[in-house]
Amino acid sequence: MQSTIAPYLLSTYQMIKRAFPNGIEPEAYLPLLAILDDELSDRNLAEIVAHYTGKDYGIILNDVYRAKVTAIPTPEAIAKVKQRLLVCGYEEWLNE
């Protein structure tokens, strides 16, 4: 699956894979979308997460919208996921 993702999205895909090696847990899913939505376009974010999870792109895109409009994660949930990303190269990724 990794080979079909656009090269400019690969570092994001790899960071998610490092942070969530056994898949994205339900409690981390919307906070992850909210965090990465600040740095990526909605469509790119949906593409990456769809590749990683194997879920339908349209469903993920709707979830991206939900994470910023109707199902906004709590600051605590966002902080917890951000800590996990920081350990997996989030700061370096931001600087790319």
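**Notebook: helices and core**

Started at the C-terminal end: L94 is found in helix α6. Note to self that this is a predicted model, and I read everything below with that in mind.

Is L94 buried, exposed or partly exposed? I looked up its relative accessible area and got 32%. Buried needs under 20% and exposed needs over 50%, so L94 counts as partly exposed.

Next I checked L94 against S11. The two are 83 residues apart in sequence, yet 10 Å apart in space, C-alpha to C-alpha. S11 belongs to α1, where it is buried along with T12, Y13, M15, I16 and A19. I then asked which helices the buried residues of α1 pack against. I found α2, α3, α5 and α6.

**α1 and α3**

I took this pair by itself. Their axes come within 10 Å and cross at roughly 45°. That angle is neither under 35 degrees nor in the 65 to 115 range, so I put α1 and α3 down as oblique to each other. The crossing of α1 past α3 is right-handed. For the contact patch, I have T12, Y13, I16 and K17 on the α1 side, meeting I48, V49, H51 and Y52 on the α3 side.

**The core**

Which residues have the most contacts inside the largest nonpolar core? My list reads I16, F20, I24, L36 and L85, out of 32 residues in that core. Helices giving two or more residues to it are α1 (10–19), α2 (26–37), α3 (42–53), α4 (57–69), α5 (75–87) and α6 (90–94). The biggest giver is α2, with seven residues. As background, nonpolar side chains tend to be buried together in soluble globular proteins.

I picked L85 for a closer look. Ignoring neighbours within four places in sequence, I see L85 in contact with M15, A19, F20, L32, I35 and Y90.

**α2**

Since α2 gives the most to the core, I went through this helix too. How many of its 12 residues are buried? I get 10, so I call α2 mostly covered. They are A28, Y29, L30, P31, L32, L33, A34, I35, L36 and D37. I noted P31 and D37 among these buried residues. As for partners, the buried residues of α2 pack against α1, α3, α4, α5 and α6.

Last, a length check. At 1.5 Å a residue, the 12 residues of α2 should span 16 Å. I read 17 Å between its end C-alpha atoms, which agrees.

Key
Residues are numbered from 1 along each chain as its sequence is written. This is a predicted model: local features need pLDDT of at least 70, side-chain atom pairs count only at pLDDT 80 or more; totals for chains, interfaces and linings use all residues. Side-chain values use heavy atoms; hydrogens and water are left out. A nonpolar core is a set of buried Ala, Val, Leu, Ile, Met, Phe, Trp, Tyr and Cys residues joined through side-chain atoms within 4.5 Å. Buried means under 20% relative accessible area, exposed over 50%, partly exposed in between (1.4 Å probe, protein chains only). Helices (H or I, at least four residues) and strands (E, at least two) are DSSP runs, numbered from the N terminus. Contact means heavy atoms within 4.5 Å. The expected span of a helix is 1.5 Å times one less than its number of residues. Axes are lines fitted to C-alpha atoms, for helices over the stretch in contact, and angles run from 0 to 180 degrees between N-to-C directions. Angles under 35 degrees count as roughly parallel, over 145 as roughly antiparallel, 65 to 115 as roughly perpendicular and the rest as oblique. A crossing is left-handed if the near helix is turned anticlockwise from the far one by less than a right angle, and right-handed if clockwise.
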